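Colleague: Please take me through this model, and give the grounds for each term you apply.

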Amino acid sequence: MSAPAKHGRLLRRSPSGTGTRRLLLVMLFAGAAPWRSRAFYLPGLAPVSFCEEGKEISGCKSLIELFVNRLDSVESVLPYEYDAFDFCQDSEEKRPSENLGQVLFGERIASSPYKFTFNRQETCKKACVKSYSPSNETEVKKLNFLKKGMQLNYQHHWIIDNMPVTWCYDVEDGQKYCNPGFPIGCFVTPSGRVKDACNINSEFNKKNTFYLFNHVDITITYHSGKDENWPGARLVTARLEPKSYKHTDEGHLTCEGSPMEIPGEFTNKLKLIYTYSVKFEENNNIKWASRWDYILESMPHTNIQWFSIMNSLIIVLFLSGMVAMIILRTLHKDIARYNQIDSIEDAQEEFGWKLVHGDVFRPPKKAMLLAVFLGQGTQIFIMTFITLFLACLGFLSPANRGALMTCAVILWVLLGTPAGYVSAKMYKTFRGEKWKTNVLLTALLCPGSHQMYYMFGFLFLVFIILLITCSEATVLLCYFHLCAEDYHWWWRAFLTSSFTAIYLLIYAVHYFFSKLQITGPASVILYFGYTMIMVLLFFLFTGTIGFFACFWFVSKIYSVVKVD
């Protein structure tokens with residue numbers, strides 16, 4: 001197996017799964033780009049046009065700025081700002097204004113010293129120089145922190161024209177994989193084990209050595225605007241390839257030769273020279289409105305997801321058939337037979353679900369808790385539905401950073417009213433009296449979960465399948481228990497579908513031990529803390545769906561039966 005192919009398998013599960021889920025996956029149904037017309041773009045961001053230096057016209061500029069975001073790692077849930085590491089800093093650092101969603105996401109976008117002129121090629125240009133001396137305690141700490149970042153496989157996340165700068169490379173079977181980030185560097189252990197990105201180069205082989213990616217080859221693709229009615233060109237893709245070079249002559253940089261090695265034992269002075277090269281390519285086949293589509297190259301498992309959807313649809317059809325059989329045949333016959341009873345002797349021979357008609361609406365035990373769960377579940381359901389619906393329409397494009405989180409938070413706050421109404425209504429139905437406690441618990445029970453997934457079309461379809469599956473499975477089991485003359489259906493209706501959260505928890509634990517490489521107690525605590533919040537949200541959401549499906553079913557069947 002070639003080194004890049006081997007590395008492809010490693011990175012597919014490791015480097016920036018968090019960043020991929022959070023920023024980059026493309027909407028399959030609606031597309032990640034905003035709706036387009038000839039005069040404007042709705043509802044995403046306005047496009048920016050670029051011109052060559054000296055040819056600037058109104059609405060067109062020549063300077064291309066590269067922005068940096070926080071760094072993260074799959075081996076540590078703790079993110080760090082770019083400034084936390086001793087990288088090249090912008091002398092006049094600018095930070096774009098951030099919306100509520102970006103703040104809650106923890107995004108920290110800042111300008112960088114990497115600045116380009118449109119359509120001007122640069123080769124091995126110096127960005128900055130960093131020097132370290134073993135006698136300087138501050139410099140030793142900075143270098144050790146940089147080593148820690150490489151050892152834990154921390155990933156850069158760069159942005160050009162509001163696009164993620166991706167690292168694309170070939171893997172096995174002729175596939176191409178695009179990663180929305182690239183590593184600081186890599187590490188070869190004292191035992192000689194090659195970790196993470198060190199697999200891409202056979203020269204990365206010295207024991208107990210760090211290899212720093214101190215050079216990047218950036219390729220920017222643009223649409224020239226020919227046959228279009230806009231001035232200048234528009235950027236459509238931004239890719240890079242990280243490399244490691246040991247620059248020996250600061251005055252004559254060639255970006256060739258041996259890699260930049262940082263020994264595990266720091267005993268001598270060290271100088272790190274950061275460089276970059278940039279080139280521009282014209283491609284008029286890619287439209288600006290669909291420029292996020294190339295990130296589909298980073299999704300080699302899409303066919304597996306569609307296979308899972310088809311499998312789920314078959315299960316839904318099977319459940320629908322069973323429910324239809326019960327409602328149209330068995331239940332219809334039961335109702336007709338019960339309504340034909342016209343003698344006391346016949347009535348005394350009642351059996352099945354009609355026999356418990358006097359007990360079926362008795363208040364359940366722990367009615368307060370159930371009412372609060374239902375109120376919170378309703379809040380989660382409506383928020384999820386509206387957010388996904390707006391996202392599928394293109395209003396929450398990943399190009400508009402933080403929009404999804406902002407929308408979700410605002411909806412969560414506004415939907416506290418229907419949550420309180422449902423909780424109070426059900427608590428009153430249960431004949432509860434401690435309404436103040438009900439209000440407080442409904443408002444304070446459920447926290448908020450920060451991870452986002454941007455494949456909205458896929459999510460919305462799975463969301464609908466989940467609704468149908470939870471509803472039908474709960475109705476089936478509810479009917480079977482009523483036929484067995486068991487009228488304790490309140491909590492069972494909620495727990496039947498909410499038990500799905502247990503499977504989610506089991507899978508999260510399995511995923512932690514089989515796929516992730518998280519180290520350190522803080523990262524482990526954060527991972528399982530986020531997991532428990534996610535499981536709680538899923539528990540409330542699915543339980544509420546199942547409960548109200550069963551509540552509607554029970555109310556319906558007992559409303560059409562004649563009761564003396």
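**Strands, helices and the reasons for their labels**

Modeller: Strand 9 (residues 122-132) and strand 21 (residues 270-282) run antiparallel and are joined by eight bridges. Within that pairing, Glu122 has Val278 of strand 21 as its bridge partner. Please note that the model is a predicted one.

Colleague: What makes strand 18 and strand 21 a pair, and in which sense do they run?

Modeller: Two strands count as a pair if there are at least two bridges between them. Strand 18 (residues 215-223) is joined to strand 21 by eight bridges, so the criterion is met. These two strands run parallel, and Val216 has Tyr276 as its bridge partner in strand 21. In general, strands of a sheet pair through backbone hydrogen bonds, in either the parallel or the antiparallel sense.

Colleague: How do you know that strand 6 and strand 7 are paired?

Modeller: The threshold is at least two bridges, and strand 6 (residues 71-73) is joined to strand 7 (residues 76-80) by two bridges. The two strands therefore qualify as a pair. They run antiparallel and form a hairpin with two residues between them. Ser73 stands opposite Ser76 of strand 7.

Colleague: Why is the contact between Glu81 and Arg95 called a salt bridge?

Modeller: The term requires a side-chain nitrogen of Lys or Arg within 4 Å of a carboxyl oxygen of Asp or Glu. The N to O distance between the side chains of Glu81 and Arg95 is 3.1 Å, so the pair satisfies the cut-off. Glu81 and Arg95 are 14 residues apart, and both are in the loop between strand 7 and helix 3 (100-105). A search of the whole structure finds 17 salt bridges.

Colleague: Which strands stand at the edges of the open sheet with the order 8-5-11-12, and what makes them edge strands?

Modeller: The sheet has four strands with antiparallel pairing. Strand 8 (110-117) and strand 12 (163-164) each have a single partner strand, so one side of each is left without a neighbour in the sheet. Strand 8 pairs with strand 5 (residues 63-68) in the antiparallel sense, over five bridges. In that pairing, Ile64 has Phe116 of strand 8 as its bridge partner.

Colleague: What is the make-up of the open sheet with the order 16-17-20, and which strands are at its edges?

Modeller: Three strands form this sheet, again with antiparallel pairing. Strand 16 (185-188) and strand 20 (261-263) are the edge strands, because each has a single partner strand and so lacks a neighbour on one side. From one strand to the next, the twist averages 25°. Four bridges link strand 16 to strand 17 (residues 209-212), and Cys186 stands opposite Tyr211 of strand 17. Helix 4 (residues 137-151) lies across strand 16, strand 17 and strand 20, and runs at about 85° to strand 17.

Colleague: Why are helix 7 and helix 14 described as roughly perpendicular?

Modeller: Angles of 65 to 115 degrees count as roughly perpendicular. The axes of helix 7 and helix 14 (residues 521-559) cross at roughly 100° and come within 8 Å, and the two helices are therefore roughly perpendicular to each other. Among the residues that make the contact are Phe373 and Phe381 of helix 7, and Phe541 and Ile545 of helix 14. By class, the residues of this contact are 12 nonpolar, four polar and no charged.

Colleague: Why is the packing of helix 7 against helix 12 called oblique?

Modeller: Roughly parallel requires an angle under 35 degrees, and roughly perpendicular begins at 65. Helix 7 (residues 367-392) and helix 12 (residues 490-498) pack at about 40°, with their axes 11 Å apart; the pair is therefore oblique. The crossing of these two helices is left-handed. Leu369, Leu370, Phe373 and Leu374 of helix 7 meet Trp490, Trp491 and Phe494 of helix 12. This contact has seven nonpolar, no polar and no charged residues.

Colleague: What makes helix 8 oblique to helix 9?

Modeller: Helix 8 (residues 403-414) and helix 9 (residues 416-429) pack at an angle of about 40°, with their axes 4 Å apart. That angle makes helix 8 oblique to helix 9. Trp412, Val413 and Leu414 of helix 8 meet Gly416, Thr417 and Pro418 of helix 9. The contact comprises four nonpolar, two polar and no charged residues.

Methods:
Residues are numbered from 1 along each chain as its sequence is written. This is a predicted model: local features need pLDDT of at least 70, side-chain atom pairs count only at pLDDT 80 or more; totals for chains, interfaces and linings use all residues. Side-chain values use heavy atoms; hydrogens and water are left out. Axes are lines fitted to C-alpha atoms, for helices over the stretch in contact, and angles run from 0 to 180 degrees between N-to-C directions. Angles under 35 degrees count as roughly parallel, over 145 as roughly antiparallel, 65 to 115 as roughly perpendicular and the rest as oblique. A crossing is left-handed if the near helix is turned anticlockwise from the far one by less than a right angle, and right-handed if clockwise. Contact means heavy atoms within 4.5 Å. Ala, Val, Leu, Ile, Met, Phe, Trp, Tyr, Cys and Pro count as nonpolar, Asp, Glu, Lys and Arg as charged, and the others, Gly among them, as polar.
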